[in-house]
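Got a few minutes to poke around a model together? Have a look at it first, then we'll go through some questions.

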Amino acid sequence: MSNGISLVAAITIKEGLRNRAMQGILAIAVLLCLAYITIIPMFAFDTGKVAVDLGSAFVTVAGLAIVIFLGIALLTKDIHQRTVCMILSRPISRTDYVIGKYCGLAVTVLLAVLMIAGLTIFTSWIGTKLILEMKPPRNFSWGVLSISVFFQYLSLLLLMAVAFFFACLTTSEYLSMLFTVGIYVIGNSLETIIAVIQEGQYVKVGPAYLAILKAVAWIFPNLSAFDLKVYLSYGLPLPWSQVGWTAAYGICYISLLAVATLWIFKRKEIT
Amino acid sequence: MNLIDSPIHLHSVEKSFMQGFSCHKILHGISLSIHVGEVFGFIGPNGAGKSTLINSIMGFIQPESGEVLINGVAPSVPQSRKYIGYLPEGPRFYERLTAAELLLFGGRASGMSKAKVCEAMDLLLDKLEILNAKDRVIGTYSKGMKQRLGLALSLIHDPATLILDEPMSGLDPIGRNLLKNIILDLKARGKTIFFSTHILNDVETLCDRIGLIHQGRMLYCGDVKGFKENGMGFEDRFMQLISTAGNG
Ligand SMILES: Nc1ncnc2c1ncn2[C@@H]1O[C@H](COP(=O)(O)OP(=O)(O)O)[C@@H](O)[C@H]1O
Ligand SMILES: [Mg+2]
């Protein structure tokens, strides 16, 4: 890794971890875990599935909040308030700046995801000791748990690449947030929508419309593919080839977005 | 003149900005060559185009036409900035870093070792009288302290050329005096200094040459003595040149 990238990443991590948003998110995560112990006993059965669903929801919400509030805010602030000048006035290329910033935020998000996942797992473990009816999911496996958390992280990285793209394109904090959240919602639901339409039971549309929808689905990132929590909560075996393809898909998508973002940022006027 | 003798070289630089739906030309064919070891004052009223020109030198913006060279290299090459120290107008930093962390980043990014930066840092912060705030986060700094820190950041790697955009602004009289002495000291050590200002105090005593820019046009570029034609005061001459240009 070039010197510039690692230096930019280092100050981004420091700035990110000391950010109020980050501390707020972690505080909320602790509160949620406390709430979680009180919610679980309300479910007489399937406590394992509820635990997995809630836990993964925590990771998603916290990760999403960090990507939106930290990722976009730090990047647009850099351009608007010209803090980027303290970096670009050094012999550091714009490419190194964007990659360093992305890597730094990726580490920040990773730390947050690990903290929240750890907190949730710890809370669940305490739960099994305190609450009699709470049991781990059937066929529980640490391996599947780790892979499932990793894929959640990967989908957050993809979303962060989307956030970077919009932040460079619009340089408006609110527009970028709006677009990124939009992509998140579409990316999570488009596959389901198409499946429902294809089934033809509830909605009927013309084949042209379906074709358009399918084409659109190619442009938007398919975020629902990264959701592996069913395998964890029902103790199903992981479909390895599909998991492998999903990872490759995520990495390709991030790389393509990175190329577009760099192309835009290199031409950006910083005044 | 040989290009290597000129740390900053501009040739008929033109730049326009979109303002709303119309395109405004901000720089009209600016040509300028800074000599090694001189103090060059770039003066002009607010909105004259000083920062725009400095931004083109630093590679933050791309002029439509003309040539910009830093030590003979285009600003699009990151290495062109290796021996340059830059102070932005009203500098802003990552608010949650401490001054020490910021300076360490700056020095390391310009190719210094960690030990070297730490050594230089204390001397510099002491000289700028903010050593006691070294380990405080920058968010707690006052405007003047940020300006001083910006100066420290531009000087940390002991660059051969300094580009300072409005270095006096935000500083109290003590700070201005400090800056004046620093500039004279740097000059004595053979550094090249290019600074912009709309405050004319001290320009006369500090600078070897000055450039006067108004509405994106160079009205004067040369030594201070030549500027003060027929016994006119510095400020009067400044006003005269600008008002005649405005009328013409
Ligand atoms: N990003 C921009 N978009 C449009 N106009 C700009 C932009 N940046 C500067 N300008 C205009 O360029 C002119 C010169 O600005 P500037 O170089 O900042 O002046 P100064 O000499 O005070 O530093 C001003 O009229 C300003 O309105
Ligand atoms: Mg200015």
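**Strands, a hidden helix and some salt bridges**

Q: In which sense do strand S3 and strand S7 of chain B pair, and over how many bridges?
A: Keep in mind that this is a predicted model. S3 covers residues 39-43 of chain B and S7 covers residues 192-197 of chain B. Within this pair, Val39(B) sits opposite Ile193(B). The sense is parallel, over five bridges.

Q: Which strands of chain B stand at the edges of the open sheet?
A: The sheet is open and mixed, with six strands in the order S5-S6-S7-S3-S8-S9 (chain B). An edge strand here has a single partner, so one of its sides is left without a neighbour in the sheet. That points to S5 (84-87) and S9 (217-223) of chain B.

Q: What angle does helix H5 of chain B make with S7(B)?
A: H5 of chain B, residues 173-188, packs on the sheet and touches S3, S6 and S7 of chain B. Its direction against that of S7(B) comes to about 150°.

Q: How many of the eleven residues of helix H2 of chain B are buried?
A: Being buried takes under 20% relative accessible area. The cover over the buried residues of H2(B) includes H1 and H4 (85-88) of chain A, along with H3 (114-127) and H4 (143-155) of chain B. H2 (residues 99-109) of chain B is largely enclosed by the rest of the structure, because the buried count is ten.

Q: Is Glu15(A) buried or exposed?
A: Glu15(A), in helix H1 of chain A, meets Arg96(B) in a salt bridge (3.8 Å, N to O). That pair crosses between chains, with Arg96(B) in the loop between S5 and H2 of chain B. Arg96(B) counts as partly exposed at 23% relative accessibility. Glu15(A) has a relative accessible area of 5%, so the word is buried.

Q: How far apart in sequence are the parts that Glu64(B) and Lys15(B) tie together?
A: These two form a salt bridge, their closest N and O atoms 3.8 Å apart. Glu64(B) is in the loop between H1 and S4 (65-70) of chain B, while Lys15(B) is in S1 (residues 8-19) of chain B, so the parts tied together are apart by 49 residues.

Q: Which helix gives the most to the nonpolar patch on chain A?
A: Leu17(A), Val107(A), Leu111(A) and Met115(A) make up this surface patch, with about 280 Å² of accessible area together. Leu17(A) lies in helix H1 (residues 3-17) of chain A. The helix that gives the most, with three residues, is H5 (residues 94-130) of chain A.

Definitions and conventions:
Residues are numbered from 1 along each chain as its sequence is written. Chains are lettered from A and ligands numbered from 1 in the order in which they are written. This is a predicted model: local features need pLDDT of at least 70, side-chain atom pairs count only at pLDDT 80 or more; totals for chains, interfaces and linings use all residues. Side-chain values use heavy atoms; hydrogens and water are left out. Two strands pair if DSSP finds at least two bridges between them. Helices (H or I, at least four residues) and strands (E, at least two) are DSSP runs, numbered from the N terminus. Contact means heavy atoms within 4.5 Å. Axes are lines fitted to C-alpha atoms, for helices over the stretch in contact, and angles run from 0 to 180 degrees between N-to-C directions. Patches are made of residues with over 30% relative accessible area and no salt bridge: like charges are joined within 9 Å, nonpolar side chains (Val, Leu, Ile, Met, Phe, Trp, Tyr) within 5 Å. Accessible areas come from the Shrake-Rupley method with a 1.4 Å probe; for residues, only the protein chains shown count as cover. A salt bridge is a side-chain nitrogen of Lys or Arg within 4 Å of a carboxyl oxygen of Asp or Glu. Buried means under 20% relative accessible area, exposed over 50%, partly exposed in between (1.4 Å probe, protein chains only).
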